[in-house]
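Reader: Could you take me through one part of this protein closely? I would like to hear about the second largest pocket and then what surrounds it.

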Amino acid sequence: MTSRLVCVSNRVSLPRKASAPGGLAVGVLSALKHMGGMWFGWGGELSDEDPGEPTIQVRDGVTYALLNLRRDLFERYYNGFANEALWPLFHYMPTRFCYRHEDHDAYQEVNREFARKLLPLLKPDDLIWVHDYHLIPLASRLRELGVRTPIGFFLHIPFPYIETLRVLPTYVELVRDMMAYDLVGFQVQGDLRSFQASVERCLPEARIENAETIRIGQRTVGTGVFPIGVDVEAIQASAQRAWGSASVRRMVASLVGRKLIIGVDRLDYSKGLVERFAAYEQFLEVFPENRNHVTYLQIAPLSRKDVQSYAEIRHSLEQAAGRTNGRFADTDWTPIRYLNRNFPHETLMGFLRAAHVGLVTPLRDGMNLVAKEYLAAQDPNDPGVLVLSTMAGAAHELSSALLVNPYDSRAVVHAIQTALTMPLEERRERHAAMLETLRKNDIRSWAQRFVTRLRETSTWRSPRESLVSAVRARP
Ligand code: ADQ
């Protein structure tokens, strides 16, 4: 019998037409769609009293277990520790780092709550796959409750080098908690190396055996690099379908023949939008022949609205877009169209297909799925050009993109111009090379590689033994 896959993430997204954006949700859902199983996590509801048991829904072969969380804890766990402490630090932005002991306590408490509520839903042969920085201590908490089934962890965002990580007062505890997993996966090699350096510094009893194994006491912890991919065929099909849809046709018609530059990002300071807007303004200055001949469409749905630094960046972007439009717009031309809204994924793929240039310039990014989606959505006979930040994990695989340092505005300006004027043959060659890479490592092989490794690397007791001890330990 093959084991059931249980994915756990902070937020569970039920499949909806215009679902909340987020790379993690896209990845987890594809994995579960192909393998079946359960997705456990917060369902989006907050309550003032005890939130009770998770609600269960089954859709298209996937079981969704939706947990409610206490409002007072959630604010400090999610906005506080996860997004004001871990997120900026892991993206190498310690100046945005904000640490409060109460937030850390709430983070620990929510992880305990996840463990308590997940325990009764587990079966003896389950493989548990925990996603991302919100839930780092979850394996430790499950182990304390007696769970011994294989538990893997995948970090969707970068893992910082020890000199940045140790800004966090609880960094040793964090590294120790990561060692409670059977398998710890990262997006790129550099993240794994940073993790190994942290283990060496924080846990003298641990020994790095090789790229795939760390030994600690009687146990070994598997480590690996698993760059997340996209569902190439599904995106191609969506982009083609959306091409004929009213919303994409209307958008294309409104360009009246102008070339489209597109950016699609959650509104987050790590995505480099302020720097990108400034580079586009500079581009219109340096290459005036493009005025009235290109349109830059930036789609940036609001995320984490309650975090102060997000309100600030929103304000800066509104100002920057207003300034560029005020300076360069004509009666029949708006240089930047800046939209803070979600779109159905399919419509978005149609917009990406319509764009001559995909502008993906994060200051730091674990992977960046939009870069991959942009390539998959193109017409291979007449593809657009990807301008990609060297600071995105995706740059390691997509070496035929125009790679730029997002802090180097002059480089971004020239890359946009090169992309807009690139001959068809070169566009085709670059696109074909990258599409092949995307096909080799698509979302399905990403999930399969991780789950196969997890199955092999469990170093705790056998599943049957584990359930017995877990049931005994149940409160
Ligand atoms: P994110 O930071 O959310 O993901 P990204 O990888 O670009 O970033 O994924 C965003 C996803 O949301 C894409 O699939 C995109 O199509 C979708 N999306 C964006 N804007 C949208 C909109 N307006 N409407 C609908 N959908 C929208 C985190 C990490 C990344 C890592 C992923 C996956 O920060 O580095 O690549 O997880 O591991």
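Author: Happy to; here is the pocket, followed by a salt bridge and the domains. This is a predicted model, where local features need pLDDT of at least 70, side-chain atom pairs count only at pLDDT 80 or more, and totals for chains, interfaces and linings use all residues. Residues are numbered from 1 along each chain as its sequence is written, and side-chain values use heavy atoms, with hydrogens and water left out.

The second largest pocket holds about 350 Å³ of space. A pocket here is an open set of points on a 1 Å grid over the protein atoms alone where a 1.4 Å probe fits, with protein on both sides within 12 Å along at least five of seven lines; lining residues have an atom within 4 Å of a point. Its lining has 20 residues, and Arg 353, Ala 354, Ala 355, His 356 and Asp 382 lie nearest the centre. Strand 11 (259–264), helix 12 (345–354) and helix 14 (409–421) each give at least two lining residues; helices are DSSP runs (H or I) of at least four residues and strands (E) of at least two.

Asp 265 pairs with Arg 276 in a salt bridge, with 2.8 Å between the closest N and O atoms. Because Asp 265 sits in the loop between strand 11 and helix 10 (273–286) and Arg 276 in helix 10, the pair ties together parts 11 residues apart in sequence. The whole structure has 30 salt bridges, each a side-chain nitrogen of Lys or Arg within 4 Å of a carboxyl oxygen of Asp or Glu.

The domain assignment, automatic or from a database, gives domain 1 (5–229 + 443–473) and domain 2 (232–440). Zero salt bridges are found across their interface.

Terms used. Grid points are joined across faces, edges and corners, and a volume is the space filled by probe spheres set on the points.
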